[in-house]
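Please find below my comments on the model. They begin with the ligand site and then turn to the fold and the strand pairing.

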Amino acid sequence: PRAIFFSRHGESMYNVLGKLGGDSDLSPRGRKYSEALPGLISKHLDGQNLTVWTSTMRRTIQTGQHLPYPKLQWKALDELDAGVCDGLTYEDVEQQYPEDFALRDDDKFNYRYRGGESYRDVVLRLEPVIMELERQHNILIVGHQAILRCIYAYYLNYSHEELPYIKIPLHTVLKLTPRAYGCDVEQYKFDI
Ligand code: F6P
């Protein structure tokens with residue numbers, strides 16, 4: 001059966017600094033993950049074909065760079081746009097935009113960053129990606145935290161309330177195998 005593999009990008013410099021958004025490069029640990037990824041994937045692919053989808057951001061492209069498969073970049077897979085909060089830490093946001101910080105905590109799915117996006121916005125912009133995903137055979141998406149939450153929630157029927165809190169850990173490959181009813185999920189963690 002076909003499989004959908006998911007991985008967040010390897011740890012980025014912004015992840016190390018705790019900053020939101022941006023377009024930073026991978027950290028040294030993130031680069032190690034990118035080097036380990038081809039082995040991790042081929043081990044669970046059983047010699048089948050695969051296409052790799054990334055966003056247009058440096059951290060997902062760098063994470064996929066050693067994978068020996070055809071690749072496609074999707075703008076629609078770029079991380080949730082944090083608008084005026086892009087480049088800030090959560091502490092910065094709490095200090096500079098306390099009202100927004102509280103509003104997001106109240107309703108994380110619907111909260112839209114000033115000049116940016118909400119999870120609801122992201123679910124909409126992912127529609128064409130999901131339609132194409134349904135038509136494809138084996139795909140690996142090298143993505144971002146908020147984006148992978150939305151796609152994961154689609155396949156596993158999570159509610160809008162749960163979706164923004166789904167745990168998609170770094171340096172882990174998730175393998176989804178759609179079945180007649182529901183989806184099987186396997187997780188492969190890479191320890192660095
Ligand atoms: O911190 C990494 C990151 O991908 C940010 O770029 C993004 O704003 C955030 O995670 C999304 O997670 P949450 O919606 O929980 O803040």
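1. The ligand is surrounded by L20, G21, E79, L80, A82, H144, Q145, A146 and P164, a residue being near a molecule if its C-beta atom, placed from the backbone, lies within 6 Å of it. This shell comprises five nonpolar residues, three polar and one charged; Ala, Val, Leu, Ile, Met, Phe, Trp, Tyr, Cys and Pro count as nonpolar, Asp, Glu, Lys and Arg as charged, and the others, Gly among them, as polar.

2. The model is a predicted one, in which local features need pLDDT of at least 70, side-chain atom pairs count only at pLDDT 80 or more, and totals for chains, interfaces and linings use all residues. Residues are numbered from 1 along each chain as its sequence is written.

3. Eight helices and six strands form the secondary structure of the chain. Helices (H or I, at least four residues) and strands (E, at least two) are DSSP runs, numbered from the N terminus. The order from the N terminus is β-α-α-β-α-β-α-α-α-α-β-α-β-β.

4. Strand β2 (residues 51-54) runs parallel to strand β4 (residues 139-143), with four bridges between them; strands pair if DSSP finds at least two bridges between them. Within this pairing, T54 has V142 of β4 as its bridge partner.

5. Strand β2 is also parallel to strand β3 (residues 71-73), to which three bridges join it. Here W53 is bridged to L72 in β3.
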